[in-house]
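Colleague: Please take a close look at one spot in this model for me, and then work outward to whatever sits around it. I'm at the bench all day, so plain talk is welcome.

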Amino acid sequence: MGFLISVREVGEPCVGFADRFAEPEIAEFIWRNSHGVTGNFKRLLHRSYRVAKDTYGRQRVEFSDIYEAAKFFPSYIDR
């Protein structure tokens, strides 16, 4: 399970979502952890890409990478 991320010429990730990305539990997790803010959504996906690439040497992001990346987000946003 995952979605494909390719790299543009300028070095920024470009995300192409697979069908599984729209599954309710994954979409809800991302929405909850990005707090409904588009900028946070992008940061979460970018951090997920960095986790997949730097930690596991993969170009494909999996849900476990998104989960791990969410741990880097500050918890004070929820308050």
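Modeller: Let's start with H35, bearing in mind that this is a predicted model. H35 has a relative accessible area of 27%, so it counts as partly exposed: that value falls between the 20% under which a residue is buried and the 50% over which it is exposed. H35 belongs to the loop that links α1 (24-34) to α2 (38-56). Its backbone deserves a glance too: phi of H35 is positive, near 60°, and H35 is not a glycine.

Now step back one residue, to S34, which is part of helix α1. With a relative accessible area of 2%, S34 is buried, because the limit for that is 20%. Leaving aside residues up to four places away in sequence, S34 touches N40 and F41.

Those two partners lead us to how the helices on either side of the loop meet. The axes of α1 and α2 are 8 Å apart, and the two helices pack at an angle of about 115°. The crossing of α1 past α2 is right-handed. On the α1 side the contact is made by I30, N33 and S34, and on the α2 side by N40, F41 and L44. Sorted by class, that contact has 3 nonpolar and 3 polar residues, with no charged ones.

Next, follow α2 itself. It has 19 residues, which at 1.5 Å a residue should span 27 Å; the C-alpha atoms at its ends are 26 Å apart, so the two values agree. Which residues of α2 are buried? They are N40, L44, L45, S48, Y49, V51 and A52. Two of these, N40 and L44, have already come up in the contact with α1.

H46 is another residue in helix α2, but its surroundings are a little more open. The relative accessible area of H46 is 37%, so H46 is partly exposed, lying between the 20% and 50% limits. If you want a distance to check in your viewer, the C-alpha atoms of H46 and V61 are separated by 9.9 Å, and these residues are 15 apart along the chain. Just after α2 comes G57, and its phi is positive, near 70°.

Back to α1, which has a second helix partner. The axes of α1 and helix α3 (residues 63-70) come within 11 Å and cross at roughly 20°. Since that angle is under 35 degrees, α1 counts as roughly parallel to α3. Here the crossing is left-handed. I26, F29, I30 and N33 of α1 meet F63, I66, Y67 and A70 of α3. By class, this contact has 7 nonpolar residues and 1 polar residue, and no charged ones. I30 and N33 are listed in the contact with α3 and also in the contact with α2.

To place all this in the whole protein: there are 3 helices and 3 strands, running β-β-α-α-β-α from the N terminus on. Of the 79 residues in the protein, 28% are buried. Among the contacts with a separation of 6 or more, 45% are between residues 24 or more positions apart.

Conventions
Residues numbered from 1 in each chain as written. Predicted model: local features only at pLDDT ≥ 70, side-chain atom pairs only at ≥ 80, totals over all residues. Heavy atoms only, no water. Helix = DSSP H or I, 4+ residues; strand = E, 2+ residues; numbered from the N terminus. Buried < 20%, exposed > 50% of the residue type's maximum accessible area, 1.4 Å probe, protein only. Expected span 1.5 Å × (residues − 1). Contact = heavy atoms within 4.5 Å. Axes fitted to C-alpha atoms, helices over the stretch in contact; angles between N-to-C directions. Parallel < 35°, antiparallel > 145°, perpendicular 65-115°, else oblique. Left-handed = near helix turned anticlockwise from the far one by under 90°. Nonpolar A, V, L, I, M, F, W, Y, C, P; charged D, E, K, R; others polar.
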